[in-house]
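Hi everyone, thanks for making time. Have a look at the sequence and the model on the screen, and then I'll walk you through a few spots.

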Amino acid sequence: SDAFAYGFQILEQLGETFPATPENGIVVQELLATKELVTGSLNESKLRNLPEMTDVPKKEAMAFLAEMLICGWQSRSIYYPLLACRMVQITLQYGLAKTSCLGKFFLRTYLSFLYPFTVRSGNHLSVLVPLQCRALSCCA
């Protein structure tokens with residue numbers, strides 16, 4: 001839709017690009033890449049000790065992604081899982097923002113409908129739950 005196109009233009013200015021017309025294969029690749037980030041080299045200690053996000057453009061991108069994520073959920077858009085994955089990826093790379101928990105929550109909800117997590121990846125995403133309180137107290 002036009003709203004998503006406009007939103008993606010703004011996100012591109014903030015350094016986050018998305019495919020114009022994502023296909024299922026792109027969505028699956030993004031889901032697998034995000035799962036690998038969560039279950040790969042990260043351990044529970046690293047996940048529990050993520051720093052506060054200080055990169056201003058990334059904080060702005062996260063706030064905008066959060067708004068688009070809610071719209072994507074409501075409209076059942078194919079962009080929804082891509083937005084959730086990107087929020088988790090940015091959080092893992094740049095640290096916690098106030099909106100970090102939203103991306104994690106929506107990604108986990110989406111994936112729970114598709115297939116059950118392996119024990120390892122499910123546990124790793126569960127470690128992110130306590131981060132919600134920390135993320136909400138981070139300075140924006």
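So, to begin: which residues form one aromatic cluster? They are Phe-4, Phe-8, Phe-18 and Tyr-79. Keep in mind that this is a predicted model.

Let's stay with the aromatics for a moment. Searching the whole structure turns up 5 aromatic pairs. One of them is Phe-4 with Phe-8, a stacked pair with 6.1 Å centre to centre and 25 degrees between the planes. These two residues are 4 apart in helix H1, which covers residues 2–13, so about one helical turn separates them. And are they buried or exposed? Phe-4 has a relative accessible area of 11%, so it's buried, and Phe-8 counts as buried too, at 11% relative accessibility.

Okay, on to the helices. H2 is residues 24–39 and H5 is residues 79–94, and they pack at an angle of about 25 degrees, with axes 10 Å apart. That angle is why we can call H2 and H5 roughly parallel to each other. Their crossing is left-handed.

Who meets whom there? On the H2 side we have, among others, Ile-26, Leu-31 and Val-38, and on the H5 side residues including Pro-81, Cys-85 and Leu-92. By class, this contact of H2 with H5 has 10 nonpolar, 2 polar and 2 charged residues.

One last stop in H5: Tyr-80 lies in that helix. Its relative accessibility is 3%, so Tyr-80 counts as buried. The C-alpha atoms of Tyr-80 and Leu-65 are separated by 10.0 Å, with the two residues 15 apart along the chain.

Technical notes: Residues numbered from 1 in each chain as written. Predicted model: local features only at pLDDT ≥ 70, side-chain atom pairs only at ≥ 80, totals over all residues. Heavy atoms only, no water. Axes fitted to C-alpha atoms, helices over the stretch in contact; angles between N-to-C directions. Parallel < 35°, antiparallel > 145°, perpendicular 65-115°, else oblique. Left-handed = near helix turned anticlockwise from the far one by under 90°. Contact = heavy atoms within 4.5 Å. Nonpolar A, V, L, I, M, F, W, Y, C, P; charged D, E, K, R; others polar. Buried < 20%, exposed > 50% of the residue type's maximum accessible area, 1.4 Å probe, protein only. Phe/Tyr/Trp six-rings, centres within 6.5 Å; stacked < 30°, edge-to-face > 60°.
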